[in-house]
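Student: Could you pick out the packing of the side chains and helices, and take me through that part closely? I would like the cut-offs for each term as you go.

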Amino acid sequence: MKLRLGSGWTLTALVIALIVLAPSLTVLWSLTAPASENWAHLRSTVLPGYIFNTLQLMALVAAMTAFIGVGTAWLTVSTRFPGRRFFNWALVLPLATPAYIVAYVYTDLLSFAGPVQSALRGITGWHVGDYYFPPVRSLPGAAVMLSLVLYPYVYLLARTAFERQSAALFDAARILGAKPWRAFLRIALPCARPAIAGGLALVLMETISDFGVVDYFAVPTLTAGIFRTWFNLGDALSAAQIAAWLFIFAIALVFIEVAGRRGRVANPLSRDMAPAPRKLGPLAGPAITIACALPVILGFVVPVAVLLRYAIIEGDPMLGRNFLDFARNSLLVAALAAALATALALLLAYGERLHPTRFNRVSIRLATLGYALPGAMIAIGILTLSTGIDHAFADAVEGLGFSPGLILTGSVAGLVFAYVARFLTAAYNATHSGLEKIHPTLDAAARSLGATPHRVLSAVHVPLLRGALASAALIVFIDVMKELPATLLLRPFNFETLATRTYRLASDEKLGEASTAALMIVLLGLIPAILLSLSISRSGARPAIVPPYTEK
C-alpha cells in the first residue's frame with residue numbers, strides 16, 4: 001500500500017492512531033509474556049467463569065435492550081397515542097443516568113430492608129421466609145440495571161431507521177392483506193436490521209466495559225476480574241492479560257457488527273414519504289402510553305427522584321469546599337479531555353476530507369476505535385506504558401544523582417490520555433458529520449484564491465463547524481464525567497472526582513451521602529441526552545454515537 005503523505009495530514013492521522021492505540025497494543029503484548037504463577041492459577045480457576053459470566057451478561061442485556069429499544073421506537077414512529085411527541089425525546093433520558101447509579105438506587109429500594117419489601121410485608125403480614133423476592137444483586141439484576149440505561153442506543157438508531165423507510169413498502173404489504181404487526185416483522189424490522197445491529201453493538205461494548213454495576217452486585221466478569229487481580233493480588237501483568245481477553249471481546253464485537261452491515265441496505269426505495277402513524281382505539285392508545293412511560297420512569301424518573309430525596313434529607317457531609325474540589329477535579333479533566341479530543345477529531349476529519357485514501361481511512365478507523373475498548377483495558381495499558389517510561393527515565397538519570405520518582409504514572413496527564421483514547425470516537429463522529437454538510441465547492445473557491453489547506457480550515461471550516469465542534473466537546477465532556485473504571489485505576493493519589501466520590505460512598509452503603517455527587521452527574525448528563533434526541537428529531541441525521549468503523 002503506497003503511503004501518500006500529501007501535505008502531512010495522512011502522517012498526522014497515522015501518528016494519532018499509533019499514540020491512541022499504544023495502550024491497547026501494550027495490553028495485547030502482555031499475552032506474549034511467560035505465564036506467571038498467578039496467571040496460571042487464574043486461567044485454570046476463575047478466568048473461564050469471568051468469560052462465561054461476561055457472555056451471559058451480554059446475552060441478557062442484548063435481549064432486553066433490543067426488546068425495549070426496538071419496541072418503543074416502532075410504537076413512537078408508527079402509532080399515534082397520547083404523549084407521543086413527549087416520548088419521542090423523553091425515551092432518551094435514561095442515557096443521562098450512569099448504570100452504577102441506577103444500581104445503587106434500586107438496591108436500596110428493593111433490598112430486604114428497603115421500602116418496597118417493607119411495604120409488601122406490612123400489607124400482607126408476611127415474615128422472613130414466607131415469600132420469595134428476586135435478588136437484585138445478581139447477574140440478571142445487573143443485566144436489568146444496564147438495560148434500563150443502555151436501551152436508548154438501540155431506540156435512537158432504530159427510530160431513525162424506521163422514520164427513513166418509505167410508506168410505499170407498507171402500502172404494498174397492506175394491499176396484500178398483511179396486518180400491521182406482520183408488516184412490522186416482515187418489512188420494517190428486516191429493513192432496520194443494520195441500524196439495530198449498530199445500536200446493539202454499542203450496548204454490548206458498554207456492557208463488557210462496565211465495572212460499577214458488576215462490582216456492586218458481585219458479578220465476576222472480565223472487567224471485575226481486572227480490578228480484583230490488580231488491587232487484591234497486586235499483579236499488573238496478570239491484570240493486563242485479563243484485559244487482553246476483554247480486548248478480544250471488543251474487537252470481536254466490531255467485526256461482527258461490521259460484517260452484519262456489509263452489503264445491506266436499510267431501504268431499497270427512495271424516501272418519498274414516511275409512513276403515517278396509525279390511529280389507535282380508546283384502550284390501545286393509553287396502553288402504549290404506559291408501555292413507553294415505563295422505561296422512562298424506571299430508568300430516569302425513579303433514580304432521580306430517590307437521589308433528590310436523599311440529597312435534600314441527607315446529602316454529602318462534605319458539601320462545601322471539599323465537595324467543590326471534587327467537582328473542580330471532574331470539570332478539569334473533562335474540559336481538558338473534551339478540548340483535546342475535539343482538536344484531534346478536527347485534524348482527523350479534515351485530513352480525511354483532503355486525502356480520502358484507503359491508508360488515511362484505515363488510520364482514522366484505528367484512531368477512533370477507542371469507544372469499542374473498555375476503559376479498564378485502556379487504563380491497564382496506560383499504566384503499563386507510563387510505568388515503563390518512568391523506570392526507563394529514572395535509570396537514565398540515575399548516574400546524575402537525581403531521583404525523579406514517578407512522573408507519568410498516577411498523573412492527570414495519564415488520566416486525560418485515557419479519556420481521549422476512549423472517547424475520541426464520539427468527537428470524531430460529531431465533527432465528521434458537520435464537515436460532511438459543508439459543500440466541497442467552498443474548499444475549491446478558497447483554494448482558487450490562493451488559500452492553503454490550513455487557511456481553509458481556520459477561515460472557512462472552523463467558523464462553519466462551531467455547532468458541530470461544540471456538540472463534540474459536550475458529548476466527550478459528559479462521557480468523561482460518568483467514566484468510572486479508567487478514573488479509579490489512573491487517578492492521582494487523593495484526586496477525587498464526582499464519579500469516584502459516588503462509587504466510594506455507595507460501595508460503603510452510604511447512598512444518602514453519595515446522592516449529591518450522583519445527582520450532579522445525572523443532571524449534567526441530561527444536556528447532551530436532550531440535545532442529541534432533539535437534533536435527530538429535527539434533522540433525521542445519523543446520531544453522533546454511531547462508531548465510525550460501521551459501514552455507511
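Tutor: What follows goes from the whole chain to the helix crossings, then to single residues and rings.

This is a predicted model, in which local features need pLDDT of at least 70 and side-chain atom pairs count only at pLDDT 80 or more, while totals for chains, interfaces and linings use all residues. Residues are numbered from 1 along each chain as its sequence is written, and side-chain values use heavy atoms, with hydrogens and water left out.

The protein has 23 helices and two strands. Both are DSSP runs numbered from the N terminus, with helices (H or I) of at least four residues and strands (E) of at least two. Of its 552 residues, 54% are buried. Buried means under 20% relative accessible area, exposed means over 50%, and partly exposed is in between (1.4 Å probe, protein chains only). Take the contacts between residues at least 6 apart in sequence: 83% of them join residues at least 24 apart. A contact here is a pair of heavy atoms within 4.5 Å.

Two helix crossings come next. The axes of helix H5 (residues 99-110) and helix H7 (residues 139-163) come within 9 Å and cross at roughly 130 degrees. Axes are lines fitted to C-alpha atoms, for helices over the stretch in contact, and angles run from 0 to 180 degrees between N-to-C directions. H5 and H7 are therefore oblique to each other. Under 35 degrees would be roughly parallel, over 145 roughly antiparallel and 65 to 115 roughly perpendicular, with the rest oblique. On the H5 side, Ala99, Val102, Ala103 and Tyr106 meet Met145, Leu146, Leu148 and Val149 of H7.

In the second crossing, helix H16 (residues 375-396) and helix H17 (residues 412-436) have axes that come within 10 Å and cross at roughly 135 degrees. That angle makes H16 oblique to H17. Gly375, Ile378 and Ile382 of H16 meet a set in H17 made up of Gly414, Phe417, Ala418, Ala421 and Arg422.

Now two single threonines. Threonine 502 lies in helix H22 and is buried, with a relative accessible area of 1%. Apart from neighbours within four places in sequence, threonine 502 is in contact with Tyr100, Ile101, Tyr104, Ala514, Ala517, Ala518 and Ile521. Threonine 229 is in helix H11 (residues 222-233), and threonine 229 is buried too, with a relative accessible area of 1%. With residues up to four places away not counted, threonine 229 touches Leu42, Gly234, Asp235, Ser238, Ala239 and Ile242.

The loops have their own residues to look at. Proline 277 sits in the loop between helix H12 (236-261) and strand E2 (278-279). Its C-alpha atom is 9.1 Å from that of phenylalanine 81, although the two residues are 196 apart along the chain. Beyond its neighbours within four places in sequence, proline 277 is in contact with Val77, Ser78, Thr79, Arg80 and Arg84.

Phenylalanine 81 also leads to the rings: Phe81, Phe86, Phe87 and Trp89 form one aromatic cluster. The whole structure contains 11 aromatic pairs. In one of them, phenylalanine 323 and phenylalanine 326 are edge-to-face, at 6.2 Å centre to centre with 75 degrees between the planes. To pair, the rings of Phe, Tyr or Trp (its six-membered ring) need centres within 6.5 Å; planes under 30 degrees apart are stacked, over 60 edge-to-face, and the rest tilted. Phenylalanine 323 and phenylalanine 326 are about one helical turn apart, because they lie three residues from each other in helix H14 (residues 321-354). Both residues of this pair, phenylalanine 323 and phenylalanine 326, are buried.

Two other rings have a charge over them. The charged end of arginine 137 sits over the ring of tyrosine 216, 4.3 Å from the ring centre. Arginine 309 has its charged end over the ring of tyrosine 310, 5.8 Å from the centre. The rule is that NZ of Lys or CZ of Arg lies within 6 Å of the ring centre and within 35 degrees of the ring normal.

Last come two exposed loop residues. Asparagine 494, in the loop between helix H21 (485-490) and helix H22 (498-507), has a positive phi near 65 degrees without being glycine. Asparagine 494 is exposed, with a relative accessible area of 66%. Glutamate 509, in the loop between H22 and helix H23 (511-539), likewise is not glycine and has a positive phi, near 60 degrees. Glutamate 509 is exposed, with a relative accessible area of 51%.
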